[in-house]
Amino acid sequence: MSVHPASPLPPALRRDLEAIVGRPWVRTALPDRLAYDNDCWPRGIILTRGRRLGVHQPSAVVQPKDEAEIVELVAWARATGTPIIPFGAGSGVCGGTVALDEHAIVVDLKRLDALLEADPQTLLMRAQPGLIGMNMERELNARGLTLGHFPSSLYCSSVGGYLAARSAGQCSSLYGKIEDMVVSMRVVDGRARLIDTAASPTHPWLEEGLAAQDHPAQITELMVGSEGTLGLITEATLRLQPRPTRQLYRGFEFPSLKLALDAVREMMQQGLRPAVVRVYDEFDSLISGSRRRRGRSSGLSPRGDAHAPSPGALLRGLGKLASKKARELGLAAPVERLVDRAQRELLGRAVGQPLLINRVAESLPAGCLLIVGFEGQNALIDEEAAYARSLLERYGVDLGEAPGRHWLQNRFSVSYKQSPMFDAGTFVDTMEVSTTWENVLPLYQAVRRAVEHEVFIMAHFSHVYAEGCSIYFTFAGFGADLDDTLATYERTWEQGLEAVAAQGGSIAHHHGVGYSKAAFTRHDHPGGPALFADLKARFDPDGILNPSKVYR
Ligand SMILES: Cc1cc2nc3c(=O)[nH]c(=O)nc-3n(C[C@H](O)[C@H](O)[C@H](O)COP(=O)(O)OP(=O)(O)OC[C@H]3O[C@@H](n4cnc5c(N)ncnc54)[C@H](O)[C@@H]3O)c2cc1C
């Protein structure tokens, strides 16, 4: 392991930065730079576990305290040609905050963490970008309010990060994605101009012949999802909701994935608005324990949110699969016991046999689990939930409230259990794509076929709309050594995203693009590169803001 300990930031530039934000808020020591070497991009985690450190370390980490300091920082970066990477909480999973140039500085916005206003009358709030989601929710809840935005990373992600990456929370079917919640923003662009998208007559855009005050919403639209490439978000005004007093969550089981998806599609197209809809494919359902029979539903234990399965869950699932297969093959009890004894060893190797396991999982006559939840203030919710229940029972079996309650209680608990898998030399990652209903199953199959030789893969379907839904693939794999693991990881992403593009799906739904998917964005928007170049010329003519992200 060799890491260059000294920052390449020249002393004179360091002094400039100290003059802007104060000495304690400029960090150039190796441990500080290594702390920002990666966000939650699994490729970076593979590198770290393989002791290959410092690949993407910035030259400095700077923490401004307010908008004025951010304006000064951007002006300084323009003058010195220094790339700037905005940083919220670093929970992004696409390498959106990694430094690709050793002179880049990270601008960490966590000191701007105030909830400035939350008005129960207008149901609007103003927040600074560094406010962590869970802290915000606690403050709002104390006032009887909620934003309604619950990404699984709620405890470790920020308001600015949500807006910059077009995030989606678990309750997006009711409350929308973050772009549906934002009213306006304050942004410092790459020319060091402060843009208030609620617009003022003296807006600098007027000089360029663009009447910003006539198009405030459009500027907000451009900035949401721009992932720090067009501006640093310094404040946002967002719509609030009264905190729900009623939460009705249930589980259902369907004989096939197709029937589960048909049921959900009909529910959405009839105009029902559940807060949460999550259909798990056969293997994910098996891991979730959906194979219990009706009437024993109190023992069900669907996983919380599935950013990635824990190694235990994955191995238990593989174990269930092996025993089930043994029973189906009519193996006598002693043989089954033998299978059991061999299981641990076999399961350890199973992750190395992705094609075999993927195909066995496909041949299972397993059912599919659905978690569906309704939230609100009054009896209308009871009626909507009852109507949904009768609709869903035409396709599948009601498992009662227990699976729904269990999911609700554990919805933030699973996502943090990936480390042991990386420690064991395997990797786990997720690929969230989206498409319209007629293409959901073909896209699901196309991606499975494309990567089934490389990794073990399963999926759930959430963030549903009248016209389609997102597919959230979880995959796990490993290689003989670090380089082999990286090669498997990269082949999986490339083959997976090529399959998504060829099948006409969108390569991202809510994790953003970052660096990892930037080479594929052109598939989603054929005219995109030219449009993006035009936007860069307007907002960031020197290309200092988060270079090589979103498009490359
Ligand atoms: C366990 C886990 C679960 C997750 N679950 C979900 C989920 O359910 N839904 C979901 O949508 N995502 C999820 N994510 C992904 C991630 O949490 C989101 O992308 C989130 O929006 C990132 O917020 P952050 O504050 O951590 O941003 P960061 O990772 O710090 O930054 C993300 C991007 O936004 C830019 N950026 C950050 N702040 C600003 C700013 N103020 N101005 C301009 N640009 C900025 C960065 O440069 C970067 O490009 C999950 C991640 C993990 C690790």
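In the next few minutes I will go through the domains of this predicted model, the interface between two of them, and some of its salt bridges.

Let me start with the overall layout, where the domain assignment divides the protein chain into domain 1 (11-110), domain 2 (115-200 + 215-242) and domain 3 (246-289 + 362-509). The C-alpha centres of domain 1 and domain 3 lie 35 Å apart, and the two domains meet through nine residues of domain 1 that are in contact with twelve residues of domain 3. Between them, domain 1 and domain 3 bury about 1,000 Å², with 64% of that area on carbon and sulfur atoms. On the domain 1 side, Arg43, Ile46 and Arg49 lose the most area to domain 3, and together they account for 53% of what that side buries. Across this interface there are also two salt bridges, and two residue pairs of domain 1 and domain 3 are in polar contact.

Turning to a single annotated position, the UniProt record, which is an unreviewed entry, marks Tyr472 with the annotation "active site". Tyrosine 472 sits in strand β18, which runs over residues 468-478, and it counts as buried because its relative accessibility is 4%.

For the model as a whole, the count of salt bridges comes to 31. One of them joins arginine 126 and glutamate 235, with 2.8 Å from N to O, and it links distant parts of the chain, since arginine 126 belongs to strand β6 and glutamate 235 to strand β10 (residues 231-239), 109 residues apart. Arginine 126 is partly exposed at 29% relative accessibility, whereas glutamate 235, at 13%, is buried. Both residues also belong to a network of salt bridges that includes Glu67, Glu117, Arg186 and Asp196.

Just after arginine 126 in the numbering we come to glutamine 128, which is placed in the loop between β6 (124-127) and α5 (133-142). Glutamine 128 is buried, with 17% relative accessibility, and its side chain reaches the backbone nitrogen of aspartate 113 at 3.2 Å.

Finally, I would like to show two salt bridges that involve the loop between α18 and β17. In the salt bridge of arginine 359 with glutamate 452, the closest N and O atoms are 2.6 Å apart, and here helix α14 (residues 354-363) is linked to that loop across 93 residues. Arginine 491 and glutamate 454 form another salt bridge, at 2.8 Å from N to O; arginine 491 lies in helix α19 (residues 482-502) and glutamate 454 in the loop between α18 and β17, so this pair ties together parts that are 37 residues apart in sequence.

Notes: Residues are numbered from 1 along each chain as its sequence is written. This is a predicted model: local features need pLDDT of at least 70, side-chain atom pairs count only at pLDDT 80 or more; totals for chains, interfaces and linings use all residues. Side-chain values use heavy atoms; hydrogens and water are left out. UniProt positions are given in the numbering used here, feature names are shortened, and annotations may be inferred rather than shown by experiment. Helices (H or I, at least four residues) and strands (E, at least two) are DSSP runs, numbered from the N terminus. Buried means under 20% relative accessible area, exposed over 50%, partly exposed in between (1.4 Å probe, protein chains only). Domain bounds come from an automatic or database domain assignment. Contact means heavy atoms within 4.5 Å. Buried area is the accessible area (1.4 Å probe) that two parts lose on being put together, summed over both. A salt bridge is a side-chain nitrogen of Lys or Arg within 4 Å of a carboxyl oxygen of Asp or Glu. A polar contact is a pair of N or O atoms within 3.5 Å; within protein, one must be able to donate a hydrogen and the other to accept it, and residues adjacent in sequence count only if both atoms are side-chain atoms.
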